[in-house]
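Colleague: I am new to this structure and would like to learn how to read its features. Could we go through a few of them together?

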Amino acid sequence: MANTDPSPVTAWRQRRQRQGFVRVEVQVRREDAGLVRDVASALGDPAREAETRSILRERVSPARAGGLKALLAAAPLDGIDLDRPRDFGRETAI
């Protein structure tokens, strides 16, 4: 009869998934591997995770765009005439 019990590794991964963790694989240069491991360790440490996440978001994450409305609100429109003439240059029959 086949053994249907999950392997210890599978059980551990399922337990971590229920805890909200995901498995991520990245490829970095050899000299950066230790740094990436340190960042992952800091994010997994409850004592350092909030500060680490804040620093990374501030320094690494790109600024999130607020959409077209935010882009237009931030655009320098001083001195630009946004009124358009009502004359279309042709006769209209009424």
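Modeller: Let us begin with Thr52, which lies in helix H3; helices here are DSSP runs of H or I with at least four residues, numbered from the N terminus. This is a predicted model, in which local features need pLDDT of at least 70 and side-chain atom pairs count only at pLDDT 80 or more, while totals for chains, interfaces and linings use all residues. Residues are numbered from 1 along each chain as its sequence is written, and side-chain values use heavy atoms, with hydrogens and water left out.

Colleague: Does Thr52 count as buried or exposed, and why?

Modeller: Buried means under 20% relative accessible area, exposed over 50%, and partly exposed in between, with a 1.4 Å probe and protein chains only. Thr52 counts as buried because its relative accessibility is 16%, whereas Ser41, found in helix H2, is partly exposed at 40%.

Colleague: Which residues is Thr52 in contact with, leaving aside its neighbours within four places in sequence?

Modeller: Contact means heavy atoms within 4.5 Å, and by that rule Thr52 is in contact with Ala42 and Leu43.

Colleague: At what angle do helix H2 and helix H3 pack?

Modeller: Axes are lines fitted to C-alpha atoms, for helices over the stretch in contact, and angles run from 0 to 180 degrees between N-to-C directions. Helix H2 (residues 30-44) and helix H3 (residues 49-59) pack at about 130°, their axes being 7 Å apart. H2 is therefore oblique to H3, given that angles under 35 degrees count as roughly parallel, over 145 as roughly antiparallel, 65 to 115 as roughly perpendicular and the rest as oblique.

Conventions. Helices (H or I, at least four residues) and strands (E, at least two) are DSSP runs, numbered from the N terminus.
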